[in-house]
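Reader: I should like to go through this structure with you. Could we begin with the sheet and then turn to a helix?

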Amino acid sequence: MAELSNSKKERLTVNTIKSLADAPGSYLIPEISVGDKGISFDGHISVMSDDTETKESLIGRVPVQVKGTEVEEFCEGLITFSFDIADYRNFLSSDGVLLLVGEVKPSGETKLYYKSLLALEIHELLQRYGKQKSRVIELRPIGETRLYDICCKFLAEQEHQPRELIRHRPFNIDDFQKFKFSSLTYSLNPTEPLRKIFDHDFTMYGILNQTHFPLVQVRFNSIGASQIVKFTDGDSEYDIFTENIFKESVDTLILENSFIFEFSRNDVSYRYLNFNSLAAQKRIIPMLISLFSGQKLSFEENIIQMLPQNDILVELRCWQSFLEDLEYTFDLLGINPEFVIEESKDIDTGREMEWLVHRVYIKNYAGLTMPDNKGFVNYKLGNKCVVLFYNPFAEDRFLNAFAHEVAEIGVYVQGENDNKHFHSIYVLLTEESLVKGVNLNIQKIKYSFDRCDPFSNELVADYTNKFCLSCINAYVQSGNRELLDLANYIYDRTIGTESEGEDYILINKLQIKLWRNEDLTIDESNILYQKKILAIKDNNLNLLFCVNVLLRNRVESTLTFEQMFPEKQEYFKTLPIFKFFEKL
């Protein structure tokens, strides 16, 4: 059979385009010439909103280039076709083009392929291959969608990709906090496997004030979704926080950020990831016991079933028993079971948790080496700590540091004249306890301070102020606003007393306000200004520095600080007011 002429292949391809344009629900008017070719373009397709074909129904026009190629058999999937680089430059000048290629059999039967090519992709292509004479491009079979949908998507995306914006790029990816991914060829279809998304290109847009800024063309190699998934084995249901990660050849389930399953075509693998939290372990272990017992687990129209694995079951049931003990231990210590324990290679969290269970719950003190005096102990747990109260003479040597019986224990501070003054036991807490304590209980600390007069005299007030400064410093490190509330609560105990007018009380209450991102009132600023005048008069550099910081005067704060003796500078560097100064 003789080969088809180029004009006949072109006519057959254009006729196929016209046939698709006339399909029901397709409001297209193709204006494509045959034979009389334009430079780089063969015409355009007018896109209408309805069948009236009036001026009012015109949405826009899609420029097209049409090619025909003779084949014995149609290709499956994508095809490639070569276009001149000069054509690509002309396509960019038109803000894009719809490339339509027809595969034509000798019988005249035609299969159509398309490529929606917009300014960003053309620009990237020219940047990379602009010195070549031609460049091959991939086209998709038009049968996987509708020509009308292709044209509508083309026009919608073309609005976001004007060539001048792409050529000059007055932005970069760091300028945006919100992004959007859009594809000219992919639409989510619940009836299709999600991994089909890996076969499509996407445009990444930066979003600013509802405006789309085209950034880059991407193709995903993985995609994930996180949600609570209900697993069931027929007898029980398990609500598990699950992250699904889909790749081209592997599906991954991450359960409670603790256990991983990876599914490939011929294999299933699994491994432990992290402890995460006690609550997460309590949710996931019963489900794993069911799974490794050989039970069939179903979830979201999927099924997992494994052969019984007795060795793993023994380990899981032992671990489940330990979790019961750990749960009771956490309850005794006031630790939230949802607390996430951070793990690392140099931290053996298993041993840390085992130590807590043995010392606090089981009360096994064998091999314990501790000082013979009562006090607070910060026991490391992951990258945090559990604050314990240790009493070597009690039956229960380790208690929750914020248990009621501990909060009622008082301490006595002693002055030079040997007079003892009752104070809250929590003035003995270290800054680390306030920053990292997973069982920190602000209400119990307030209760303890309510049982004493924290500003009864200069000695007691000094202990109190040091504790409040530690609270503010701990806030700076942890971001726990309750620590600011605690310090302010304690300073408020001076209201109506002689201590209320002390400079350090004023300075620290106002810096708490600034740490809360609140503005000072006019009256508060005026009080500080009066304090500044007195500080200058008395050459009180300490007060002058603090006032200048609170008034946000960086230059004067710096000059004042530089006039201090070195040892005083080092002291101030330990205070939260200096950390605020560094922020100015």
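Author: The sheet comes below, and a helix follows.
Author: This is a predicted model, in which local features need pLDDT of at least 70, side-chain atom pairs count only at pLDDT 80 or more, and totals for chains, interfaces and linings use all residues. Residues are numbered from 1 along each chain as its sequence is written, and side-chain values use heavy atoms, leaving out hydrogens and water.

Reader: In what order do the seven strands lie?
Author: The order is S1-S2-S3-S5-S6-S7-S4, in an open sheet with mixed pairing. Strands (E, at least two residues) and helices (H or I, at least four) are DSSP runs, numbered from the N terminus; two strands pair if DSSP finds at least two bridges between them.

Reader: And which are the edge strands?
Author: Strand S1 (28-32) and strand S4 (79-84), each of which pairs on one side only.

Reader: In which sense do S2 and S3 pair?
Author: S2 (residues 43-48) and S3 (residues 58-70) are antiparallel, over six bridges. His 44 has Pro 63 in S3 as its bridge partner.

Reader: Turning to H16, why is it largely enclosed?
Author: Nine of the 10 residues of helix H16 (residues 541-550) are buried, so the rest of the structure largely encloses it. Buried means under 20% relative accessible area, with a 1.4 Å probe and protein chains only. Among the buried residues are Phe 545 and Cys 546.

Reader: What caps its N-terminal end?
Author: Asn 540 does: one of its side-chain oxygens lies 3.3 Å from the backbone nitrogen of Asn 542.

Reader: What follows H16?
Author: Arg 552 follows H16 and has a positive phi, near 60°.

Notes. Buried < 20%, exposed > 50% of the residue type's maximum accessible area, 1.4 Å probe, protein only. Polar contact = N/O pair within 3.5 Å; in protein donor to acceptor, adjacent residues only side chain to side chain.
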